[in-house]
Amino acid sequence: VESQTGQTKNAGVLGPRSSFGELALLYLVPRAATIVAVDNSVVWVLDRINFKRILMKTSDAQLQAHVRLLNTVEVLQPLLVEEKTAVARALVEMHFTMDEVILRQG
């Protein structure tokens with residue numbers, strides 16, 4: 001990463017199975033850092049079009065899985081398919097550790 005003074009500094013070291021460049025692929029912005037191999041490496045490259053296509057397929061599969069889950073909720077049975085799809089799009093997956101408060105009364 002280049003500092004304000006023009007000096008380059010090490011922002012970190014990536015190990016096996018690491019990834020970089022996702023923000024540039026998602027938002028079509030210039031890379032925020034230069035990656036330099038410090039050892040012989042194998043790097044898989046994915047262009048923006050295929051990256052977005054994979055994300056869309058994954059999103060569609062996840063959306064359909066959420067709709068199937070909503071189809072099993074009795075109170076949601078009166079909703080139309082379009083309404084269940086809208087609810088599924090609004091779902092946000094969250095993870096909690098054991099004994100963590102999920103919702104606090106009041």
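Which helices do the buried residues of α2 pack against? Keep that in mind as you open this predicted model.

**Stop 1: helix α2**

Select residues 48-71, which make up helix α2. Look at its two ends. The 24 residues of α2 should span 34 Å at 1.5 Å a residue. The end C-alpha atoms are 34 Å apart, so the expected and the modelled span agree.

Now pick out F51, L63, H66, V67 and L70. These residues of α2 are buried. Turn on the neighbouring helices for the answer to the opening question: the buried residues of α2 pack against α1 and α3. To find the partners, select 22-27 for α1 and 81-90 for α3.

**Stop 2: the core**

Next, select L63, V67, L70, L76 and A88. Together these five residues form the largest nonpolar core. Which helix gives the most to this core? Helix α2 does, with three residues.

Stay with L63. Leave aside its neighbours within four places in sequence. L63 is then in contact with T85, A88 and R89. A88 is itself one of the five core residues.

**Stop 3: T85, seen from the other side**

Move to T85. This residue sits in helix α3. Is T85 buried or exposed? Its relative accessibility is 16%, and buried means under 20%, so T85 counts as buried. Show what T85 touches, again not counting residues up to four places away in sequence. L63 and V67 appear. Both L63 and V67 are buried residues of α2, and both belong to the core you have just seen.

**Stop 4: a nonpolar patch outside**

Switch to a surface view. Select L14, F20, I35, V43 and V45. They form a nonpolar patch on the surface. Together they have about 480 Å² of accessible area.

Zoom in on F20. It lies in the segment before α1. F20 counts as partly exposed because its relative accessibility is 38%, between the 20% and 50% limits.

**Stop 5: two threonines before α1**

Stay in the segment before α1 and select T5, which is placed there. T5 has 66% relative accessibility, so it counts as exposed. Now measure from T5 to I35, C-alpha to C-alpha. They are 20 Å apart in space and 30 residues apart in sequence. You have met I35 already, as part of the surface patch.

T8 lies in the segment before α1 too. T8 is exposed, with a relative accessible area of 64%. How far apart in space are T8 and T34, C-alpha to C-alpha? The distance is 9.5 Å, with their positions 26 residues apart in sequence.

**Stop 6: two positive phi angles**

Finish with the backbone. Most residues other than glycine have a negative phi. Here are two that do not follow this.

Select L28, in the loop between α1 and α2. L28 is not a glycine, yet its phi is positive, at about 50 degrees. The residue is exposed, with a relative accessible area of 63%.

Then jump to D99. Where is D99 placed? It is in the segment after α3. Its phi is near 70 degrees, a positive value in a residue other than glycine. D99 is exposed as well, with a relative accessible area of 76%.

Terms used:
Residues numbered from 1 in each chain as written. Predicted model: local features only at pLDDT ≥ 70, side-chain atom pairs only at ≥ 80, totals over all residues. Heavy atoms only, no water. Core = buried A, V, L, I, M, F, W, Y, C linked by side-chain atoms within 4.5 Å. Buried < 20%, exposed > 50% of the residue type's maximum accessible area, 1.4 Å probe, protein only. Helix = DSSP H or I, 4+ residues; strand = E, 2+ residues; numbered from the N terminus. Contact = heavy atoms within 4.5 Å. Patch = residues over 30% accessible without salt bridge, like charges linked within 9 Å, V, L, I, M, F, W, Y side chains within 5 Å. Areas by Shrake-Rupley, 256 points an atom, 1.4 Å probe, with all protein chains shown as cover. Salt bridge = Lys/Arg side-chain N within 4 Å of Asp/Glu carboxyl O. Expected span 1.5 Å × (residues − 1).
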